[in-house]
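Subject: Structure handover

Hi,

Here is the structure I promised you. Have a look at it first, and my notes follow underneath.

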Amino acid sequence: MIMYPLALRLAGRRVLVVGGGAVATRRVPALLDAEARVVVVAPALTPALRAHVDAGRLEWVAREFAPADLDGAWLVQVAIDDPAAAEAVSAAALDRRIFCVRADDRDAATAWTPAVTRYGPVTVAVLGGGNPRRAVAVRDAIREKLVSGTLSVGGEPDEAVAGGSGVPAGRAGGDGSEPTTTAPPAVAGPVGRVALVGAGPGDPELITVRGRRLLAEADVVVADRLVPGLLLDELRPDVELVDATKIPHGPAATQEEINRVLVQRALAGARVVRLKGGDPYVFGRGGEEVLACAAAGVPVTVVPGVTSSVAAPAAAGVPVTHRGVAHEFTVVSGHLPPGHPDSLVDWSALARLRGTLVVLMGLRNLPAIAAALQAHGRPPETPAAVVQEGTTDGQRVLRSTLDAVAAETQAAGFRAPAVVVFGEVATTLAGVPAGTGTGTSAAPVA
Ligand code: SAH
């Protein structure tokens with residue numbers, strides 16, 4: 001069968017979907033994404049389709065198909081199993097010269113939907129010559145190459161969004177549309193961009209799809225100590241890798257130097273990725289880097305990451321909330337001990353909370369933290385868990401209680417990076433092998 005590939009501009013155009021079941025549920029989102037005016041004709045809808053109706057995203061005609069439904073439609077998707085009913089829709093569409101996609105019988109259809117993957121501004125659509133499995137297999141192979149960076153989409157950068165003073169970094173126009181705001185370049189010549197990308201907690205598979213794509217497109221990568229090494233292993237040989245931990249100076253001067261590197265490389269035209277452990281804005285100093293870029297007129301975008309404050313507990317089988325157990329979780333930095341003059345944390349208020357408390361950077365000050373929480377009223381028997389290098393092969397988990405956790409952690413030789421979790425949730429799933437694992441097996445629950 002010879003097919004002619006084509007991309008349709010459906011914005012504002014009526015597209016009829018006949019059927020309200022599983023097939024329609026899968027087809028409708030891409031039509032909505034293309035801004036088609038979707039009309040679903042079906043006596044009943046799945047809950048997901050019903051949610052689109054409730055949100056006003058599509059029109060539902062609650063009955064069986066009638067040929068007049070096709071009036072004004074540019075395209076029809078037949079998503080019903082009954083061959084006779086599907087054939088009736090198909091025949092009515094043919095009469096009106098409206099292209100018709102059929103879920104029940106591709107050979108009878110006048111149009112096919114290809115297997116699709118979207119990668120930033122690029123859409124890959126594959127036809128398998130009448131074999132949908134082949135199309136999906138080829139599509140998956142291409143997607144894998146795009147995601148791993150072995151197949152580059154190339155072209156000019158189009159991910160940057162915001163820059164300039166007072167303009168927050170925001171979501172990129174992932175479709176390649178113009179950025180909503182762009183600051184004037186501070187110097188003449190091509191201006192690159194900076195993306196602050198959350199690398200996730202440690203497992204290299206826990207970076208976002210967008211983060212991984214930007215990494216594959218980067219000319220310069222400025223990486224933190226906590227960034228998964230395997231992500232760096234995948235970089236093209238010509239990528240300049242700046243190890244932010246090797247920059248000399250004290251912490252403050254180091255941050256200034258990092259800001260300077262980001263701005264300077266971007267102004268020279270590079271696509272810069274600032275790769276940070278977990279989420280860039282959770283104790284990651286991402287805000288300072290955004291301000292530095294904005295001040296220099298460098299377009300900057302932020303890609304959130306899976307934060308260790310949630311993922312490390314999860315990897316150890318600890319849900320930070322649980323119905324009937326904890327209706328809140330609080331994430332605090334323990335890098336300063338309670339009572340330190342520079343501390344911004346109200347430990348006595350935290351001690352009065354009943355929910356989950358997650359402490360990052362708190363290993364060194366754990367004795368003082370545990371003491372302060374007890375002194376201000378948190379019961380000594382409150383369950384506690386310590387997770388070192390969560391989501392990685394080196395993950396270690398210790399379960400204890402508020403009064404004993406500091407001594408036990410020290411005796412067991414735990415070291416950074418580690419999160420400490422206080423609260424009933426630390427024992428809620430005890431004995432259930434339900435960590436996030438590595439995708440092949442569950443993480444050990446100690
Ligand atoms: N932006 C990061 C946190 C940076 S602060 C995020 O969102 O995860 C660094 C602290 O994060 C470490 O001291 C430790 O407390 C915690 N941390 C980071 N990765 C961790 C991991 N894999 N396991 C346990 N704790 C981790």
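This is a predicted model, so to speak of local features we need pLDDT of at least 70, side-chain atom pairs count only at pLDDT 80 or more, and totals for chains, interfaces and linings use all residues. Residues are numbered from 1 along each chain as its sequence is written, and side-chain values use heavy atoms, with hydrogens and water left out.

Start with the ligand. Around it are 18 residues, the closest being V282, T307, S308, G390 and A418 (a residue is near if one of its heavy atoms lies within 4 Å). By class, that shell has 11 nonpolar, 5 polar and 2 charged residues (Ala, Val, Leu, Ile, Met, Phe, Trp, Tyr, Cys and Pro count as nonpolar, Asp, Glu, Lys and Arg as charged, the others, Gly among them, as polar). Domain 3 (192–306) and domain 4 (309–427) each give at least three residues to the shell; the bounds come from an automatic or database domain assignment.

Now the polar contacts (pairs of N or O atoms within 3.5 Å). Ligand nitrogen atoms are involved with the backbone twice: a backbone N or O atom of P201 is 2.8 Å from a nitrogen, and a polar backbone atom of G277 is 2.9 Å from a nitrogen. On the side-chain front, a polar atom of T307 lies 2.7 Å from a ligand oxygen. The protein covers 92% of the 540 Å² of accessible area that the ligand has on its own (Shrake-Rupley method, 1.4 Å probe).

One backbone oddity to check: the A416 to P417 peptide bond is cis, with omega near 0 degrees.

Cheers

Terms used:
A polar contact is a pair of N or O atoms within 3.5 Å; within protein, one must be able to donate a hydrogen and the other to accept it, and residues adjacent in sequence count only if both atoms are side-chain atoms.
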